[in-house]
Each structure stands twice: as structure tokens, then as C-alpha cells.
Amino acid sequence: MNSALRISHVGLRGIVGKGLTATHVMEFAAAFGTFLEPGRPVVLGRDPRLSGNMIREGVVASLLGCGHDVIDLGVVSTPVVQHAIQRLDAAGGIAISASHNTIDWNALRFFGPSGIYLNTAEAGELLDIYHLRRFRYEEWNRLGKLVVVDTAIDAYLDGLERVFDLESLRPLKVVVDCCNGTSALILRRMNERFGCGFILINERVDGRTVAHTPNTSASIVELQLGPLMKPLGADAGFLFDMDADRVALADEQGRGISEEMILPMLADHLLPSSVGKLVIANLSSTALLEDVAARHGGRVLRVPVGRQAAIDALSTYRPEQIALAGEGTGAVMMPQFRFVYDGIASMLAILTMMRQRGQSVSEILAGYPKHHILKAEIPLTSSNIPALLIELQGLYPDGQMDRSDGLRISWPDRWFHVRVSQTEPIIRVIAEQRGAEPRELFESLLERVRSLN
Amino acid sequence: MARQHLLKVGVSGVRGVIGGFLTPALGASYAQAFGTYVGKGRVVIGRDTRTSGEMLTHAVNCGLLAAGCEVIDLGVIPTPTIQIYIAHTRARGGMALTASHNPPEYNALKLFNREGLFFNHYERSELLDLFHQSDFARAGNEEIRAVRQDLTTAPALHLARVLSRVDADAIRRRRFRVALDGVNGAGSELSVRFLQSVLGTQLEAISVDPTKVFPRIAEPRPDTLTELAELVRRSGSDVGFGQDPDGDRLAVCDETGQVLDNDDVLALAVHRALAYTPGDVVVNLTTSAAIDDIAMAHGRKVYRTPVGEANVVEMMQAVGAAIGGEGSSGGIIYPAVHLCRDSYTAMALVLDLMAETGKTVSQLVAELPRYTRLSGKVAFEHGRLGTLMQSLEEGFPDAETNRMDGLKLSWADRWLHVRSSNTEPLLRLAVEARTAEAAQTLFDDAWRQLTS
């Protein structure tokens, strides 16, 4: 049960009952209530997991106890929470969601006053307060009040409506696998309000059962939506995780599209009209991004893997310098949406792209050079990873090197990335090449990592 | 400087000052221990009107849900109403989030078993061990449920129970003028409904806004109910009622604006109840000997217990008592309604007695056996308690001694009782005698011994 509880810069996460307990929740929420500046409310929302009922009570109690008013949005997506924070001029917010983890997990995610995840410095301060356990509880006559708001999804949709021409998307036939998560509530409402006509599957939201692992990978989207696309004559298929911050895509043929492709597609769509030309991506995601960026005068900034590095990178640039940021997992943030990982917005951007170009998903993808990616995991045995990486680095002296997260070496047509996972005791090895599989590079890399490990 | 008990985690539950002492995390842990103890099933909660009630409700919900319990939240509601609801709905147990008559900066958890009774001594110490061991039941996603609110069933149930035990029609026919001070407590709305709509009295009510803070010291006593007394006089009411924040205690004011001694209220209730219900009487050691006289007149016995509602209830259950209570703190326990301290039962019994006899409150009180009671508090240092008690006992060699709770010394016509407070480092001294002079003499003698 070594992974049943994780407390780190990205917050608190665990299997409810096994690792994650009421006490963890209450103390972490009290730490956040202490960390935030007093006087302004805190926005709260949760995904439909049943454990969210318990966690919500604990979070509310601790925040009220620290003197913050709490605005509870109920069961909503994480992006809805993030948008509400700025709209309601809150001190910050908490989303109770384990997102793409299995149903027995849950987590607390913390946002600052702009609705963006805490950066590493802020998260470090929060962790220190948590570990010190010296919380700023207010006296009896200075406690917060709870306000329950059930209109947050509509307010969020108002925001989407200002950026996207939703009615123009009506002619597209779109199938969505909601994975029994919060996207179902949003998309149902979009059908009611805007006549979007999205066809929803796995849309029952009871927090108890999920039709499949809430993971946004190409294989799951192909398995779930593949068989439906042709019979329904659908133009595109989408699949969300529980809290709708990530999205996966299926084309009109019923093929699952790699989650890696979401970011390049959106870069292709947004860069031409964007003032900012910077695309922030991690070291492990596809080099197609560089190809696409080059077409529109964009530049790719590679940062370490994980949400935290992307969030930190955001805060080192001015918003208007950035076109978009994201990861190879289908999680993308756009400046139009205040840098919120938002699967629904990503979906709408892809649909808009299809309408504007008059192209199908497969036609859009056909316009890109083909990159072939190979991935492997090797059990971690070495206790001296830095030595391994230095030796490895010596074997490829001709490439361009990046040591900010493991070792990434790139050449004009290919690259590889070797790093130790932050969540599991494994070494991840990834190699990609334009035009053909980097089989030779990949095999020799695996052999060398194994022998050095 | 006197030590203050800002937080007390003990066999009687958790009580403390909000803001760093009784924290939400502590409330949740205690609730999770409670949920573990009573088992996965329905647990009923409710609260009084303290500002910290909302926060503490969510904390307790968190702990109970984490233990896999199904939480029924009755909202802002009197404590006896919660107890009656627990028993009626066959829940696993319940909690009242209230520091009862304590000041507004305090809050506490009162714990009830599946019969809606205070946890007995054994249950309480088992729960405390469980809390300290932190070996809680931990529900997984599948077992965690949403909190369910039920704001209407319990009040209706409670009032129906009370009404079934008195002659409500007789009370209605009298169209009594009644004054009420609800201390802006959990009973504020229910009391107005009970007195005005249900019993048809002409009600003059103050402090019945549950959204406001307590306007007076929360404990209903003669010195805290001056506003009620004034209201009784001004409105020409037949009777005045003063509640505490969680609606279990009641003080009564007669038609002249005189707030009754709480022992006399209990005496009136015992007198009324014994006429209706066969059985003996249970009161604590500090309660007036008037109760013995009344019980004797009805051919009944009186059992004495240590101070504390839980102790009285435990004994009442054991002997199948008809009625019981704690004199000085304003508590009537009438098992025919429920084995709990209940201000609604007390109001109904008083009104019932007035309706049946046609007498005024002051006339009814005048008929009670007359005793004079005096009380005081002495600060003491830990370690000196035993010596103090012993010297007191030696000072009165002719008295009958009871060491069940502190020291009670009794004679045929008078008694004195000294015990240490559970909440402060104080000794409480109470004396009672047939005459004012005898009471004063006894009080002065005891006071000298305790303070010398």
C-alpha cells in the first residue's frame, strides 16, 4: 500500500480510508486556510466520487474554522472551480478530485487567487504550514460562513460562450464518453442551453461506479468510442477524466488518437491568431510541437514532466507571451481561459478548428509530419541515478542535451528522454523520430539503461 | 490566576473554547471515534445556535462519514428533540453540538446511544479509549454517503410526545398569558410554535431569533432572567419561561415577576408527574429535600445520585423512575416523554398544573415544602481537596455522611454538600435548612472550615 497516500507540492492524494483519512483532509485544509490571506472567501468544488461527501465536510469545517467564508459549488469540474475563483474575487480555491485516478482515490488540489495551481514556492509554504500544524484558527465570533451556489456551471458556460461560437458547432456530430464524471453535467447543460446535440455515453453521475478507468489514453478512447463512430456517423469523439481537465480524442474512423496529439493540434489552431508565440510543453512530449510551432513562428519551451513545472514556467512569463501550455496527457491550458487545464475548452477548440478548416479529424492529422514514439518502463534498481545519466550522456555526445529532468538528448529528426518517475519506482525511457520508428536508438538505449541500472 | 479549562476531553465528551482549543480536526476525530464505536449505520446530529455550530457540524459530519456512518442532520434544534428522534428512528446513536448553558465561546459534543440516552459511564470510557487509540473505522469510497437533512420530523415528534402526557385541551381553554425568553437558542422557533400555536397561549416572546448571539448569560437563573421578569410584569403574564441555548433546561418566573428557585420548579414537576405516573423519583445530591417530602406524600421513594444528568438518567433507568431531575440546574426528566432533560416537558407540566388547579404560580410555590438554600464557590488548590473534605467531616461529627460525589452531610432538617467543579478549580458549597437562620448558620460554619 505504498502509494495509498501522497503528500507533495501538488497537494494531498490517496486512497480514501486506506491512506487518505479525515484527519489528513482537515489538517491540510486548515493549512490552506492559514496560508491564504484572510478576509476573502474560498471557492470549493468536487467531482462526483462518494468520498467527496466526507472530504467536503472536512474542508468546509477547517476553512470556516480559519475564518474564511466558503463558497461551495457542489459537484463541478475542476476548471469550473478555477474560473469561479477569479469571478468571485476569492482568496483561492480547492477542488476535491482525484481526476484520472481510479474511483477509490481522492485528492485536494489547491488554487491561488487567480485560479491557477499554486506554484512550487507557494506549495512549499503550504506544506511547511501543514507539517508545523500551527494553524490560524479564529475565535468563535470570527468564523466563516458557508454559501452554497448551484449556478457555477452556467456562469462557466457564459465564459465559454464569450470565446467560442457554440452555435456554429451544431452541424458537427460529436460523441462524448463522460466517464461518469463532471463533464456529463456540463455537456448536458450545453445541450439544453445551446442545442449542441452532443451524444453522451457513460453519463450517469453517481460517484460509485465508473464504466472504465478514468484515463485519457488513446487505447481507452478507441475501446470506448471506436465502435460507435462509424455507426453513428460521428465527426469526432471525446473522452474526459472524472473532473474534465483532460481530454482524449477519436477520429471519424473510430481510431483512438494519441493523447500526445491534443497539444500540437491546439498549438496549430491557436498560434496563428495568438499574440504570444510561446508553447510550454514537457520534455517527454512529441517533437511534432516544434514542427507545428515553426509553421506559425512559435517557439517551444521544454520544461520537466509534471504539472508543477508547467505551472512554474507560467509564472516566469507574462501571460501575453504565451500561446498555450500543456502536457502530453491531453491536459492543455490556454490564455483565453486564464491558464486552466480544461478538457471542455480543448474539445471546443478542436471542434472550432474542424469547422473553420472544413476538415475532419483525420484530415487535420494527415497534414502533420508523422512522428513515431516508443516508450518503455524499466524497474528501478540503481541507487545512483545521476551516475547512470552521466554515463548515458557520454554515449551520445553529438546531440543537444537537456538535464533539467533526467536526460533528454535531441537531434533534428529524433530525441530520447530517460527519467525516473515521480510516482513509481521505474525509469521511463522514451524515444521519438520523424518519419520512422527509432527502433535502433530505442533498443540500444534500453540495453544501456539496463546494464547501467 | 485561576486556571481555565479551555479544552476538556474526558469521559463526558469534548468541550472547549473555539479557536485553537476545540478545533475542527479534534471534533472530526472525536466524531470518527464515535462512529467507530456505534458502528456503520444511522447517526443523528443537531446543534444549538452558537456561531461555531455550523463549523462544528461540518467537522462532525466529516468524522462520521469517514467512519462509514449515515448522517441525519436535524439542523438547529433542541437537544431533547434530538434524543427523542434517535430513539424513535432506531438510529445507532447521535450527537448534540452544544455547550448547553456555557458561554458562547464554548462548544461541545453531547453523545447519545441508540436509545437516545446519554452514554453511560462504561460506554463513555470505552469511547474515550477508542479516541486515544485512533484506531478508527475508515470507510472507502463505496461506503461513504451524503449527509441527509431532516428539519421537520423531529420537532413534530417531540411536541406530540409532550402533548400526549398532559391535558392539552385544558391548557388551551385557559388561554394563558405566557412570557418567553428563548436566549436566541435552538428552541427559539419551536418554543414559539409550542406555546402559541399548539397550546394557544397569548405569548410575549423575547430573544427568539436563532440567528443572533445569546443576549444574556446562557444559564437560566434568577439573576440572568431579569429581562424575562420585567416582561412578565409589563405584560401581566401568568407565567414566564426562560430556556438555555439547547432547550434542555428551564427556569420559571411567577406572575409577580419573581423567578423561581430551580429546585421549586422541579418540585412542581415532580408533584404533577407523580399524580400521572406511578414510580419513584431520582435527583442528585444537591437537590432540595422538598422532593423527599413530595415523594413521601405520594408514597414514593427518592434515589440520590452524583451531580450530572448522565448519572441521574442512569439511575432513573435502573430503578424505573417516574420522574427525576437536577434541582439547581433547572432540569426536569420525565421518562413518560423521554429519559432526557427537557424544557418542553417542564413547560407543559407547569402549565398543566396551573390549568388543573386554577392556581397562580406563586400560589403553587407557596404550597411547596419550605426550605432555604444557599450556595457559594471556594477556590482551592489541587492536593488540598482531601484534607478539606476530611476536616469538614470531622467538624460535623453528628451528621450522616455521603461520599458518592464530594461530601454530603445530612441531618434530619438540614444538609450541606461540597463538591469540586468539573469545569473549574472550584469547590461548590450548597446548604439547605428549614429556616433562613439555620441555613445561614450552617453555610457560615462550613465556609469558615473550607477557607481557614
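How many residues lie between β18(A) and β19(A) in their hairpin, and which residue in the turn has a positive phi? In this predicted model, β18(A) and β19(A) form a hairpin with four residues between them, and A:Gly406 in the turn has a positive phi of about 70°.

**Strands of chain A**

The two strands of this hairpin, β18 (residues 400-402) and β19 (residues 407-410) of chain A, run antiparallel and are joined by three bridges. Within this pairing, A:Asp402 stands opposite A:Arg408, a residue of β19(A). On from there, β19(A) is also paired with β20 (residues 414-420) of chain A, again in an antiparallel arrangement, through four bridges. Here A:Ser410 stands opposite A:Trp415 in β20(A), and the hairpin that joins β19(A) to β20(A) passes through three residues. The two pairings are set out below.

| Strand pair | Bridges | Opposed residues |
|---|---|---|
| β18(A) and β19(A) | three bridges | A:Asp402 and A:Arg408 |
| β19(A) and β20(A) | four bridges | A:Ser410 and A:Trp415 |

**A helix of chain A and its cover**

Elsewhere in chain A, helix α10 (residues 307-314) has A:Ala310, A:Ile311, A:Ala313 and A:Leu314 as its buried residues. These residues lie on the same side of α10(A), because they cover an arc of only 160° around the axis. Strands β13 (278-282), β14 (299-303) and β15 (322-326) of chain A are among the elements that cover the buried residues of α10(A).

**Domains of chain B**

Chain B is divided into domain 1 (7-151), domain 2 (157-366) and domain 3 (372-451). Between domain 2 of chain B and domain 3 of chain B, the C-alpha centres are 28 Å apart, and the contact brings eight residues of domain 2 of chain B together with ten residues of domain 3 of chain B. On the domain 2 side of this contact in chain B, the residues divide by class into four nonpolar, two polar and two charged.

**The contact between the chains**

Where chain B meets chain A, the contact takes 31 residues from chain B and 30 residues from chain A. On the side of chain B that touches chain A, helices α1 (24-38) and α2 (53-66) of chain B each supply at least two residues, and α2(B) gives the most, with nine residues. By class, that side of chain B holds 14 nonpolar, twelve polar and five charged residues.

Technical notes:
Residues numbered from 1 in each chain as written. Chains lettered and ligands numbered in written order. Predicted model: local features only at pLDDT ≥ 70, side-chain atom pairs only at ≥ 80, totals over all residues. Domains from an automatic or database assignment. Contact = placed C-beta atoms within 7 Å. Nonpolar A, V, L, I, M, F, W, Y, C, P; charged D, E, K, R; others polar. Pairing = 2+ DSSP bridges. Buried ≥ 20, exposed ≤ 12 C-beta atoms within 10 Å, placed from the backbone. Arc of directions from axis to C-beta.
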